[in-house]
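Colleague: Before we discuss the assignments, please show me the model. I should then like to ask how each term is justified.

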Amino acid sequence: MLDFLKNLDRRWIFLLMLLSVAIPILLQAQFPETPSELSQVVFEELEKLEEGDKILLAFDFDPASEGELGPMATAFVRHCCEKKLKMYFMALWPVGEQMIVDNINRVIKADFPHLVYGTDYMNLGFKAGNEGVIKVVITDMRQLYTTDADGTAIDQIEMMQGVDNIKAMDLMINISAGYPGTKEWVQYAVTRYPDKIRLVAGCTGVQAPLLYPYIPQQLPGLLAAIKGAAEYEKLVMDKYGERNAEGEIIEPGKYFEGRRRMGPQLVAHVLMVLLIVAGNIIFIADRRREKRQ
Amino acid sequence: MNSSNRLWLILFIIGAVLVAGRMIMSSNGMGKAYVQAVPVNPDAENEDHKWTIYEQASLTDYNKSVLADPNQTEYLFSMSRTLGVWFAALMTIFVLSFLIRDNPFYKFAEAVFVGISAAYWMVVGFWSTVVPNLIGKISPDLVRNWALPGLGQDEHSELLYLIPLALGLMLLWRLSPKGGWISRWPMAFIIGVFCGLRLITFIHADFLSQIRNGIVPLWVEDSTGAFSFWLSLRSVFLIVGVLSCLVYFFFSFEHKGIVGKTAKLGIWFMMITFGAAFGYTVMGRIALLAIRLEFLFDDWLWLIDPTDKRVEAVVSMLGLF
């Protein structure tokens, strides 16, 4: 038995992991979420804003991390719509622009159709240059952004009147999958202008431990991975329910993506813990047997 | 064929049969995509200046519309998007097949992904940066007439941008069989700029700011002015953790006695950090697997419908099985 377990084909482990994720998805298993302090801080940062305040949403992720970051992006955009904030979207990742368009279509156009492009929200699109872009937009956006993502001159867009740089924003949200992302926004924007640029962020699980040292002075709030997204979804849904700011019914399913994905997380994590324990037991048993021999 | 190959072949055949069965037996089928035709007419006075865009629609919308008017043309079945769903599903399976072993399907998916990503990067970089921020600065009239009619009328030619153009062309010289050294000049410029930028930023944002973030009161009071045990304990942990980890990396003294014990404590703090990082990584990877499986079960196989896109299809499937 010990030899069998010691030499078990790793593909059986893969199959077990596949089943542990697939079965909860098929059963649509969901579990209650309790928001953590950090998620609460992020939520409160948005709640503090008044109607018409400006908010910059930097979508620095792509489809490869959409599974983790898509749900929090959707929840952020809905929260901004509910608060009637003026949303400025931008991306430092080439496919980030598609993530912006996707969220505009799924959230703003579908559930908040009364919001007008150019008045309530606008898409600045992607610009190459990584942290170079951040260095420019903190002083003069027009050096880099002559048009929006659709090619309209930004001076012709109502929302851009009086906005010379991102210091004009009341809050900034960054959704980050890596480089460039939250770390660069903290380093090049927040640290330079700590009194003028306020940032909250959502990031992938891999990045979270690297960003915790910036909390709370340089980064007041952080949604870490799918767990952070699920907690934020709960906060937004508890506050605003299944109707939009105009009282119209929204599609609630798409605002619970994070919570839905926590079902497979639970089962897969239990499996992972069991595998680690089993691996250690097998290792110790094997060592004892070798000693006896 | 050995027993392992035989097993995976059987699994593959079972999967293919289940997909074929699911496709044939369900009255609504599976993996289909629908669109809504939305006419766009920005200039109401000019009837010639209008077009139609196709936005994603659900099976429920399509069925409702057909029920109301069988000859309607607003909601349509989209062959191109249906092929897209099937292609994406097959690519997902091809990539996951690497877990069994390296195979030609995986290699194909990998090559397609790398090729598309590289091409996408180039095209997006050209249209989002080179056209508006380089050519548009040097010759705004040209760009306005050729590519971006919305470019501001007050944009005027800025010849200073000829310098980045020259540096860019020098960088591309690397592709030439002769004079490859020319590309080293702009490369040196890029490296120099980024070294300076990052050095200053690191010292300011990480080194100095982290020292400041580490200076916290050990006696913490809550909003009512009362002593908070847990907040104080957190501060103590922060200070002890930082100092012990720093001691571990302090190699000027041998790790013996009090220094050795503190360094060992630092190792414990780091181990806990690595464990937390591993846990987060696992969470991230499982979320990525979950979204691919959700895509397969929802958009492709129509086995689940978490956002009520195809209520009829799911009801039909439950009736069949």
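Colleague: How many helices and strands are there in chain B?

Modeller: Chain B has ten helices and three strands. Helices (H or I, at least four residues) and strands (E, at least two) are DSSP runs, numbered from the N terminus. In sequence order, the pattern of chain B is α-β-β-α-β-α-α-α-α-α-α-α-α. This is a predicted model, in which local features need pLDDT of at least 70 and side-chain atom pairs count only at pLDDT 80 or more, while totals for chains, interfaces and linings use all residues. Residues are numbered from 1 along each chain as its sequence is written, and chains are lettered from A and ligands numbered from 1 in the order in which they are written.

Colleague: What radius of gyration does chain B have, set against a compact globule of 321 residues?

Modeller: Chain B has 31 Å, whereas a compact globule of 321 residues would have a value near 20 Å. The radius is taken over C-alpha atoms, and the globule rule is 2.2 Å times the number of residues to the power 0.38. Along the principal axes, the C-alpha atoms of chain B fill a box of roughly 85 × 65 × 65 Å.

Colleague: Why is H4(A) called oblique to H5(A)?

Modeller: The axes of H4 (residues 66–82) and H5 (residues 96–111) of chain A come within 10 Å and cross at roughly 55°. That angle makes H4(A) oblique to H5(A). Angles under 35 degrees count as roughly parallel, over 145 as roughly antiparallel, 65 to 115 as roughly perpendicular and the rest as oblique. The axes are lines fitted to C-alpha atoms, for helices over the stretch in contact, with angles from 0 to 180 degrees between N-to-C directions.

Colleague: Which residues of H4(A) and H5(A) meet?

Modeller: Ala73(A), Thr74(A), Val77(A), Arg78(A) and Cys81(A) in H4(A) meet Met99(A), Asn103(A), Arg106(A), Val107(A) and Ile108(A) in H5(A). Contact requires C-beta atoms, placed from the backbone, to lie within 7 Å.

Colleague: What is omega at the cis peptide bond of Tyr179(A) and Pro180(A)?

Modeller: Omega is about -10° there, and Pro180(A) lies in the loop between strand E4 (171–176) and helix H7 (182–190) of chain A. Another cis peptide bond joins Ile215(A) and Pro216(A), with omega about 0°. Pro216(A) is placed in the loop between helix H8 (208–211) and strand E6 (221–224) of chain A.

Colleague: What is notable about phi of Ala225(A)?

Modeller: Phi of Ala225(A) is near 60°, a positive value in a residue other than glycine. Ala225(A) belongs to helix H9 (residues 225–240) of chain A.

How values were computed: Two residues are in contact if their C-beta atoms, placed from the backbone, lie within 7 Å.
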